[in-house]
Amino acid sequence: MATKLVGLKIRNLRMQAGLAQGTLAQRTGISPSYLNLIERNRRPAPTALLDRIAAELAVDRAQLDGEAERRLADEVREVSAELAASEKLPDLAPAEQFVGHHPGWAALLLRVYRSYQDRDAAVLALADRLEHNPFLRDSVHQMLTQVTSIRSAAEIVHADDTLDAADSRRFLKIVADDSARLSQTARALAGFFDSAQTRVRAATPTEKVDALIVESQNYFPELEDYADAARAAGDAGRVLYSPPVFDAAGDPAGDPTGSEDPPSPFERLRAQVRQGAADEVAAILARHEGFEQDDAACRLATEALYAYAAAAMLMPYEPFLAAAERHRYDPDRLARIFGVSYEQAAHRLTTLRRPGREGVRFAFMRADPSGYISKRLPLPRLPLPRYGSACPLWVIYGAFQTPGMTARAYGALTSGDDFLFFARAVEKQPATAGGTRHLMSIMLACTADDASRVAAGDGIERRAGTVPVGTTCRLCVREACRQRQEPPLVV
């Protein structure tokens with residue numbers, strides 16, 4: 001996709017500079033016909049030629065390589081996929097063509113759509129607050145009780161002409177007292193809504209971290225470089241293979257009761273990179289908006305990036321990509337090879353986005369048995385829900401029926417896109433005596449066209465094994481679905 005955008009960028013910048021095609025071709029030492037093919041995306045432009053073109057156009061070469069526009073086009077496609085899940089869209093030009101010709105409009109479209117998502121999130125959060133906040137619930141019940149008492153007393157006084165003066169005063173006092181209580185409750189309720197401390201923030205810290213990961217396609221070259229340098233210096237080896245330390249009683253040092261398991265290699269590496277990769281993490285956060293004034297979002301993002309660096313040290317990019325290709329992206333095999341958990345191997349598969357060395361592109365999702373989604377990484381035409389639960393037909397929920405085994409199926413969205421879904425329920429922590437198992441379901445998904453490269457697709461006949469699915473019930477137009485939990489918002 002980046003190659004498709006290079007030609008459009010060169011043409012637009014050349015025209016902005018007022019240069020004829022022949023003039024730019026002559027200055028860069030190529031023929032006008034060759035430049036014409038490049039601008040029409042019929043021929044690639046070598047790196048050395050891009051450098052010469054960038055110099056003549058007085059721009060940085062990074063403006064021509066198309067990487068920023070490629071990410072922008074991916075985001076535009078994701079917007080269209082989310083909208084197509086709930087309504088039929090007209091035929092649209094390819095996203096890269098739109099971005100290449102109108103990058104400013106594309107950026108504005110995404111900004112407006114993010115604003116819409118933020119407002120939508122605020123509405124959902126406020127609706128949840130109205131439904132479940134104990135103060136609001138109790139206030140409404142108090143108001144109903146007080147109104148009922150006032151009405152009953154007033155009706156007695158109005159309807160019964162035989163009341164003596166003492167009874168009239170008693171019922172009128174009930175009306176006065178409950179009216180005062182009703183006024184007090186109403187003022188408290190108004191104060192609740194007026195308080196700046198109770199306003200709903202449109203973007204939560206978790207949503208900001210999600211946006212950072214999605215915008216970066218879950219690939220951070222600075223952290224990959226840090227991990228490679230740390231391994232070359234032997235830092236990873238010293239952490240990974242250092243023997244555990246025990247005290248005189250034979251318990252792990254620092255835990256005299258022996259009640260806790262020693263930290264895993266991943267946990268030890270993450271503690272190490274908090275110091276070694278601090279500059280790289282700070283540089284990543286500085287490039288993205290929303291973290292300077294939000295301490296909670298900054299902490300969450302920082303920990304996520306440290307975890308990324310630790311995973312890159314445990315599973316170096318090139319060896320991991322080679323193993324993934326050799327074992328056809330099987331997280332179970334990769335977990336055994338690199339000595340990591342199933343979830344860590346599955347998550348690392350989503351980071352294989354190095355330009356020129358990409359692996360299969362996966363969506364990632366983690367949920368608990370209640371349906372709560374704690375991690376998500378969507379694909380351009382597979383939006384993943386932020387709130388509530390996903391389609392009940394997705395295998396991420398079916399995996400809880402057979403923990404430790406991989407559930408898999410093809411799924412067809414209402415947009416016409418097909419995906420291979422596969423998931424496994426894993427035990428996050430061993431169950432304590434008398435306690436329940438702490439299970440989480442880990443799901444990966446790729447386009448059906450990539451399924452032949454993935455071991456999870458073996459043995460499934462695509463046509464017969466495809467299940468009609470949605471994203472969430474509220475956005476799915478399949479009204480006759482027997483698994484439907486809520487009515488659709490749009491019909």
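This is a short tour of a predicted model, stop by stop.

**Stop 1: serine 31**

Select serine 31. Look at what lies on each side. Helix H2 covers 21-28 and helix H3 covers 32-39, and serine 31 sits in the loop between them. Is serine 31 buried, exposed or partly exposed? Its relative accessibility is 33%, so serine 31 counts as partly exposed.

Now add serine 33 and show both side chains. The side chain of serine 31 makes a polar contact with the side chain of serine 33, at 3.1 Å.

Next, add glutamine 21. Count along the chain, and serine 31 and glutamine 21 are 10 residues apart. Set a C-alpha to C-alpha distance in the viewer, and the pair is 9.6 Å apart in space.

**Stop 2: helix H7 and a surface patch**

Move to helix H7, residues 103-132, and pick out leucine 108. Leucine 108 has a relative accessible area of 41%, so this residue is partly exposed. Now select Trp105 and Val112 as well. Together with Leu108 they make a nonpolar surface patch of about 340 Å². Switch on the surface display and colour these three residues to pick out the patch.

**Stop 3: strand S7 and its partners**

Select strand S7, residues 438-447. How many of the 10 residues of S7 are buried? The count is 8, so S7 is largely enclosed by the rest of the structure. Click on cysteine 446 for an example. Its relative accessible area is 0%, so cysteine 446 is buried.

Now bring in strand S6, residues 418-429. S6 and S7 run antiparallel and are joined by 10 bridges. Find phenylalanine 419, which stands opposite threonine 447 in S7.

Then add strand S3, residues 363-367. S3 also pairs with S7 in the antiparallel sense, over 5 bridges. Select alanine 367 and look across to S7, where its bridge partner is serine 441.

**Stop 4: cysteine 481**

Select cysteine 481. With a relative accessible area of 29%, cysteine 481 is partly exposed. Which cysteine has the sulfur closest to that of cysteine 481? Show cysteine 391 to see it.

A disulfide is a covalent bond between the sulfur atoms of two cysteines. To count here, the two sulfur atoms must be within 2.5 Å. The sulfurs of cysteine 481 and cysteine 391 are 6.2 Å apart, so they are too far for a bond. By the 2.5 Å rule, the count for the model comes to 0 disulfides.

Definitions and conventions. Residues numbered from 1 in each chain as written. Predicted model: local features only at pLDDT ≥ 70, side-chain atom pairs only at ≥ 80, totals over all residues. Heavy atoms only, no water. Helix = DSSP H or I, 4+ residues; strand = E, 2+ residues; numbered from the N terminus. Buried < 20%, exposed > 50% of the residue type's maximum accessible area, 1.4 Å probe, protein only. Polar contact = N/O pair within 3.5 Å; in protein donor to acceptor, adjacent residues only side chain to side chain. Pairing = 2+ DSSP bridges. Patch = residues over 30% accessible without salt bridge, like charges linked within 9 Å, V, L, I, M, F, W, Y side chains within 5 Å. Areas by Shrake-Rupley, 256 points an atom, 1.4 Å probe, with all protein chains shown as cover. Salt bridge = Lys/Arg side-chain N within 4 Å of Asp/Glu carboxyl O.
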